[in-house]
Amino acid sequence: MKSKLVSLKEAVAGIIQDGDRVVIGAGLEHAIPFAVTFELIRQAKRGLDLIAPISDASSDMLIGAGCASSVTGAWVGNVSGGLGHNYRRAMEQGLPHPLKVNDFSNFSLAMALMAGAFGLPFVPVRSLLGSDITQSNLDHRILQNPLSVEPDPVVLVKPLRPDVAVFSVPRSDAFGNAHHWGSLGVTQEAGLAAKKVILLADEIVEASVISSDPNRVLFPGFKVAAVVHEAAGQYPSPLTGCWKRDNAFFNDYHQRSRQRDGYLAWLDEWVLTLPDHAALESWGDLVPLAG
């Protein structure tokens, strides 16, 4: 087998293209690959559709930097702070440019990724009935359940098949077989649905380590286009068993991004003037958790 190890710059430049539909982390609040978020901004990627099953502040950062033209999801913000200020500016003021929102609930988004993972033409849900989501997203169609003689409407949700999904994992081999633990969120569904997967591995291990515990492997290595060895690549979010969440970082971001000028100053300090994720250095002050 051929090694898939590449640098973060190479992975982002070669695999994530302008206009792609991208999942950046799908473990909900945990294991969000912020190193890719920052690198997308450095490389000035444009026109991305962010499929966002709770991406903490990642989507908000990308929106403020002008990388995203649309969001497919239920919410954009800073989990510990509230609604994202860049997201709100884009929707209310068109800054830095207007943003399209493809409305989902968290549950229907998960079901759409599941449908994409299993090759289904649609998936029926009832939880959207009575909500405005079926009016704001006309891709969701309300139909009578054909298997019921009684009135029994269901909403048909189309499958989501991302161009690229990016995940932070505690460890991977060089061939894309990885172990994942902690909250899974919709990581497995997003990985199987995506055309390509990029892994940010906190540690690179021998293939025998991965094969010794196959139950921790969420999808096969042939789904993975690139493996990046990036210590704390999920910083400032947590990685179960490895790194804590840096609450101070998120709080500082939320306060400084309240105004457009404050966000731009934050962006310059934390992203644009740094060559890579390792240069952040502040993650090195965190106390790693026991493995």
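A residue is taken as partly exposed when its relative accessible area lies between the limits for buried, under 20%, and exposed, over 50%. In this predicted model, R256 has a relative accessible area of 25% and is therefore partly exposed. The side chain of R256 meets that of E269 in a salt bridge, with an N to O distance of 2.9 Å. This pair links distant parts of the chain, since R256 belongs to helix α9 and E269 to helix α10, 13 residues apart. E269 is likewise classed as partly exposed, because its relative accessibility is 42%.

Helix α9 spans residues 247-256, and its buried residues are F249, F250, Y253 and H254. Viewed down the axis of α9, these buried residues fall within an arc of 130°, so they line one face of the helix. A248 and Q255, on the other side of α9, are exposed. The elements against which the buried residues of α9 pack are α2, α3 (58-64), β4 (77-78), β5, α4 (85-93) and α10 (260-272).

In soluble globular proteins, nonpolar side chains tend to be buried together. The largest nonpolar core of the model contains 50 residues, and I16, M61, I63, I198 and W266 are those with the most contacts inside it. Helix α2 (residues 34-42) gives the most to this core, contributing six residues. When residues up to four places away in sequence are not counted, W266 touches F38, M61, F249, D252, Y253, R256 and V271. A second core, separate from the one just described, has 31 residues, including A26, A112, L128 and A178.

A nonpolar patch also occurs at the surface, where W75, V79 and L83 make up an area of about 230 Å². L83 is placed in strand β5, which covers residues 82-83. With a relative accessibility of 37%, L83 counts as partly exposed.

Side chains of opposite charge can pair when their charged atoms come close. A search of the whole structure finds 11 salt bridges. One of them joins E92 to R88, with the closest N and O atoms 2.8 Å apart. E92 and R88 are four residues apart in helix α4, and therefore about one helical turn separates them. E92 counts as exposed, at 53% relative accessibility, whereas R88 is partly exposed, with a relative accessible area of 46%.

D163 and K195 form another salt bridge, in which the closest N and O atoms are 3.2 Å apart. D163 lies in the loop between β9 (153-157) and β10 (164-172), and K195 in the loop between α7 (187-193) and β12 (196-204), so the pair ties together parts that are 32 residues apart in sequence. D163 is buried, having a relative accessible area of 17%, while K195 is exposed, at 59% relative accessibility. In addition, E29, D56 and R245 are linked in a network of salt bridges.

A further acidic residue, D49, is found in strand β2 (residues 48-52). D49 counts as buried because its relative accessibility is 7%, below the 20% limit. Apart from residues up to four places away in sequence, D49 touches D20, R21, V22, S70, V71, T72 and N102.

Methods. Residues numbered from 1 in each chain as written. Predicted model: local features only at pLDDT ≥ 70, side-chain atom pairs only at ≥ 80, totals over all residues. Heavy atoms only, no water. Patch = residues over 30% accessible without salt bridge, like charges linked within 9 Å, V, L, I, M, F, W, Y side chains within 5 Å. Areas by Shrake-Rupley, 256 points an atom, 1.4 Å probe, with all protein chains shown as cover. Salt bridge = Lys/Arg side-chain N within 4 Å of Asp/Glu carboxyl O. Helix = DSSP H or I, 4+ residues; strand = E, 2+ residues; numbered from the N terminus. Buried < 20%, exposed > 50% of the residue type's maximum accessible area, 1.4 Å probe, protein only. Core = buried A, V, L, I, M, F, W, Y, C linked by side-chain atoms within 4.5 Å. Contact = heavy atoms within 4.5 Å. Arc of directions from axis to C-beta.
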